[in-house]
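Subject: Structure handover

Hello,

Please find the structure below, followed by notes on what was found in it.

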2 protein chains.
Amino acid sequence: MDPTRGSARPLREQIADKLRQLITNGELQPGDRLSPEEVLAEQYKVSRQTIRAALQDLTAEGLLMASRGRGRIVRAYKPLTWHISRYESRHHHEEAGDPGEDQWSTDVRAQGREPRQDVKVEIVEPPAHVADLLGVGPDELVVVRRRIRYVDEVPYQLADSYFRETLVQGTPLMQPRDVYAPGGVLASLGHIQTRYVEDLVVRMPTKGEKTQLGLPAGTPVAELTRTGYDTDGKPLRVMVTIAPGDRHRFRWELDPT
Amino acid sequence: MDPTRGSARPLREQIADKLRQLITNGELQPGDRLSPEEVLAEQYKVSRQTIRAALQDLTAEGLLMASRGRGRIVRAYKPLTWHISRYESRHHHEEAGDPGEDQWSTDVRAQGREPRQDVKVEIVEPPAHVADLLGVGPDELVVVRRRIRYVDEVPYQLADSYFRETLVQGTPLMQPRDVYAPGGVLASLGHIQTRYVEDLVVRMPTKGEKTQLGLPAGTPVAELTRTGYDTDGKPLRVMVTIAPGDRHRFRWELDPT
DNA sequence: CAGTGGTCTAGACCACGCT
DNA sequence: GCGTGGTCTAGACCACTGG
């Protein structure tokens, strides 16, 4: 009866395509509210469940965001830029006049936003890949500083730093609060990091990450693991950052010589 | 009647949690096949639709993969490592004995896999952010080399390189095939790239990327944009790489001095 | 062919956010 | 209270994969 029926492509997909086009066209702008499910169901002459299936696909693609009672809106992305290669550079700290806080906070403030971080210190068995990078045995305990970083009081990223216990025993790094020293706390303890290795993988968040960071459906994360080595080539610190894709743009500046 | 009913958490979520735990526990290993929907529906005493909802959530998290007629399996991740900071380094090419192919192919081969790439050359109006990085006007035409790269004949990543038209007019870079020169083709044309800026964002793939790369649901991508500058600080090339998260691990090695 | 996931419907009730 | 999305059911048919 209906010509759209029986065609090769399923209805949910046809509807998703149409809506997707409206969004990429710009006819639906970021922040715009979509019609309620019931109205769309009437418009496209399908059941509410079918409309929901189409909308769910677009949500999983990161194009839409739903909230009960308020409706669905087109998602807006305004990632802050994170200048990775400037991090941990003493040089940069000195150039910047050393404002008395870490590079992350400085970087955020420079983009006109307000940084804050919660810190928690634990002694744990490290995850396998962290143990590997730190060069400790799988059962050896390590100290981890877990930070939740906020921008304008909205959760922004998770950053866990792992240290060998002997390295930080009795130092300010064992205190569950924001610590800072010119050039970095490790440097002030006599440990100079001369080389970094950074690993980055892209994946969907775990359930825990999703709730800690308040991530809407369809938001992937970058897991950035930075290992710092001292002058002897011994690993000093492993830092694992969980960075949601909708809030982050990473930038490296490289001078190969 | 049923004690699980009416509890705070929806059934789909409870079921998803249980299955997720089986996977993270290791009771369900990567590659394992799940019971069919109907069996699970019986087991958990819910309708098939409810089971499907739970399974869909896990699929969107990247934990499961479904195919019609074959069932659902637990996803396995075996990303290849991509040594970013070695790329485009003439130094590295010379050290490696310069095998007569680009750094990507060399890197893939070194991990015991077989690289291949399809190349297509087009003249287009560049996307806004590319025009910006290349330093051309929004209506100015540019040359783009579009590559689809395969590893063991499986699509691996998309890599589009943009050049100003005047730069590559009449050079081998206009040919739609694999080109190579020691130190890079640009270098052999007298254009030395001395500085790189890399931007990386994490997002869900577009529909086109999903089909071109054959991405299963729940697979995010990294969009890596590398801009190369010549000795005068003028942008020479912008390369945009779309790298699926399930196939990539990026590595940078940095020596801040 | 049997077994599997994919689509679709009609109808019901619930939970949240706003005014 | 009303409007919104979220959950859930029962049942039907289709489309792909494999033996």
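Which helices and strands each supply at least two residues of the surface near DNA strand C? They are α1 (11-25) and α3 (48-60) of chain A, together with α3 (48-60), β1 (64-67) and β2 (71-74) of chain B. Helices (H or I, at least four residues) and strands (E, at least two) are DSSP runs, numbered from the N terminus, and a residue is near a molecule or strand if one of its heavy atoms lies within 4 Å of it.

Some ground rules first. This is a predicted model, in which local features need pLDDT of at least 70 and side-chain atom pairs count only at pLDDT 80 or more, while totals for chains, interfaces and linings use all residues. Residues are numbered from 1 along each chain as its sequence is written, chains are lettered from A and ligands numbered from 1 in the order in which they are written, and side-chain values use heavy atoms, with hydrogens and water left out.

The DNA surface

DNA strand C is surrounded by 24 residues, and the closest are Leu11(A), Arg12(A), Thr50(A), Arg48(B) and Gln49(B). By type, the residues of this surface are five nonpolar, eight polar and 11 charged (Ala, Val, Leu, Ile, Met, Phe, Trp, Tyr, Cys and Pro count as nonpolar, Asp, Glu, Lys and Arg as charged, and the others, Gly among them, as polar). On the DNA side, 67% of the strand C atoms within 4 Å of the protein belong to sugar or phosphate, and the rest to bases.

Three side chains can be singled out. An N or O atom in the side chain of Arg12(A) is 2.6 Å from a phosphate oxygen of DNA strand C. Base nitrogens of the strand are approached by polar side-chain atoms of Arg48(B), at 2.7 Å, and of Gln49(B), at 2.4 Å.

The two copies

A turn of 180° with a shift of 0.0 Å along the axis lays chain A on chain B with an RMSD of 0.0 Å (superposed by least squares on the C-alpha atoms of residues with pLDDT of at least 70 in both). The two copies are thus related as by a two-fold rotation axis. Among the residues of chain A, Pro220(A) comes closest to that axis, its C-alpha being at 3.1 Å. Of the interface residues of chain A, 97% are also interface residues in chain B, so the copies meet through the same surface (contact means heavy atoms within 4.5 Å).

The sheets

One open sheet has eight strands in the order β3(A)-β10(A)-β7(B)-β8(B)-β9(B)-β6(B)-β5(B)-β4(B), with mixed pairing (two strands pair if DSSP finds at least two bridges between them). β3 (80-83) of chain A and β4 (115-124) of chain B stand at the edges with a single partner strand each, so one side of each is left without a neighbour in the sheet. Ignoring direction, neighbouring strands are turned by 20° against each other on average (axes are lines fitted to C-alpha atoms, for helices over the stretch in contact, and angles run from 0 to 180 degrees between N-to-C directions).

β4(B) pairs with β5 (residues 142-151) of chain B in the antiparallel sense over 10 bridges, and Pro115(B) stands opposite Val151(B) there. Helix α5 (residues 103-110) of chain B packs on this sheet, touching β4, β5 and β6 (154-164) of chain B, and its direction makes about 160° with that of β4(B).

In chain A, β1 (residues 64-67) and β2 (residues 71-74) pair antiparallel over four bridges. Their hairpin has three residues between the strands, and Gly69(A) takes a positive phi near 85°.

Regards

Definitions and conventions: Polar contact = N/O pair within 3.5 Å; in protein donor to acceptor, adjacent residues only side chain to side chain.
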